[in-house]
Amino acid sequence: MASTIREHIAMLVELQDRELEIHRIQQELSQVERRTAGLDAQLNDFIAAVERGRAQIQDLTKHIRTLESDLQVNQGRIVKSQEKLRAVKTNKEYQSSLKEIDDLNAIGSKIEDEILVSMEQIEAATASTKEQQARLDVQTGLIHSEKQSVLQEAGQARTRLAEVTAQASALAGRVPAEVLSLYRRVKAKKANGVAICAVDAAVCRGCHVNIPPQMYNELQRVDRLKNCPNCDRIIYWDEDQRRSE
């Protein structure tokens, strides 16, 4: 009887190890999409920074062209006002024409200043965009490499998952139905998936609570499966304890 119970315990412990590994791998795989999406988001941030810089340069360039057009129109008005000035006959008309020319010159000066400011902004935006492009060039390679590494790890994890799942299935098929049913019932109640654990010095390793002395003595006889009176996990006396004592 003891040898049979020991065999059942060994199979359950091995099955649990496989199922815990399955859960761990599944958790890792569930994070793959989040990790790759995060890497894509990082790359998109660098791309967006470059695109914003280019868009700013383009907008400023268009603005300068508009200002240059406005300056040309204003210059044409100054020429006309100067021609008009030469044709005036009264002092009042002369003063009016002079003021008109002064106003137009002020407008022209303001436009020229705005053009200079815009050109300085283009220069700064160009330098910034060049720097952002350099970062993008570097990060594209790094992020691509890291993403490939993540995907490669995921592929290896899927291969391992298939292997461990097959092993767990084979083990479960060898466990007697009533023993497997008990294991499944206990496992379903445990968030960490631990349904069977050893007792160390009369302490359940699952809940870290002492079991009654009589139960501990009975546990060492290995005559049947027992449950921890505190956490209900299947408990067993670790044979290694005998050898260490």
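Which helix holds Ala166? Ala166 is found in helix H3. The views below come from a predicted model.

**View 1. Ala166 in helix H3, a partly exposed residue.** Ala166 has a relative accessible area of 48%. That value is not over 50%, so Ala166 counts as partly exposed. Glu93 is 73 residues away from Ala166 in sequence. In space, the two C-alpha atoms are 103 Å apart.

**View 2. Helices H2 and H3 packed together.** H2 covers residues 32–87, and H3 covers residues 91–174. Their axes lie 7 Å apart. The packing angle is about 165 degrees. That angle is over 145 degrees, so H2 is roughly antiparallel to H3. The crossing of H2 past H3 is left-handed. Nonpolar residues number 29 in this contact. Another 20 residues of the contact are polar, and 14 are charged.

**View 3. Gln132, a buried residue of helix H3.** Gln132 is found in H3. Is Gln132 buried or exposed? Its relative accessibility is 18%. Gln132 is under the 20% limit and therefore counts as buried. Leaving aside residues up to four places away in sequence, Gln132 touches Ala49 and Val50. Ala48 is 84 residues from Gln132 along the chain. The C-alpha atoms of Ala48 and Gln132 are separated by 9.6 Å.

**View 4. Val117 in helix H3, with His8 as a distant reference.** Val117 has its place in H3. Its relative accessible area is 43%, and Val117 is partly exposed. What separates Val117 from His8 in sequence and in space? The two residues are 109 positions apart in sequence. From C-alpha to C-alpha, Val117 and His8 are 83 Å apart.

**View 5. Ala201 in the loop between strands S1 and S2.** Strand S1 spans 196–200, and strand S2 spans 203–204. Ala201 sits in the loop between them. Most residues other than glycine have a negative phi. Ala201 has a positive phi, near 55 degrees, and is not a glycine. Its relative accessibility is 54%. Ala201 is over the 50% limit, so it counts as exposed.

**View 6. Ala202, a second positive phi in the S1–S2 loop.** Ala202 is also found in the loop between S1 and S2. Its phi is positive too, at about 70 degrees, although Ala202 is not a glycine. Which label fits Ala202, buried or exposed? With 15% relative accessibility, Ala202 counts as buried. Ala201, by contrast, counts as exposed.

**View 7. The whole protein chain, for orientation.** The protein chain has six helices and four strands. Along the sequence, these follow the pattern α-α-α-α-β-β-α-β-β-α. The C-alpha atoms fill a box of roughly 130 × 35 × 35 Å along the principal axes. The radius of gyration of the protein chain is 41 Å. A compact globule of 245 residues would have a value near 18 Å. Of the 245 residues, 34% count as buried; Gln132 and Ala202 are examples of buried residues. Take the contacts in the protein chain with a separation of 6 or more: residues 24 or more positions apart account for 72% of them.

How values were computed: Residues are numbered from 1 along each chain as its sequence is written. This is a predicted model: local features need pLDDT of at least 70, side-chain atom pairs count only at pLDDT 80 or more; totals for chains, interfaces and linings use all residues. Side-chain values use heavy atoms; hydrogens and water are left out. Axes are lines fitted to C-alpha atoms, for helices over the stretch in contact, and angles run from 0 to 180 degrees between N-to-C directions. Helices (H or I, at least four residues) and strands (E, at least two) are DSSP runs, numbered from the N terminus. Angles under 35 degrees count as roughly parallel, over 145 as roughly antiparallel, 65 to 115 as roughly perpendicular and the rest as oblique. A crossing is left-handed if the near helix is turned anticlockwise from the far one by less than a right angle, and right-handed if clockwise. Ala, Val, Leu, Ile, Met, Phe, Trp, Tyr, Cys and Pro count as nonpolar, Asp, Glu, Lys and Arg as charged, and the others, Gly among them, as polar. The radius of gyration is taken over C-alpha atoms; the globule rule is 2.2 Å times the number of residues to the power 0.38. Buried means under 20% relative accessible area, exposed over 50%, partly exposed in between (1.4 Å probe, protein chains only). Contact means heavy atoms within 4.5 Å.
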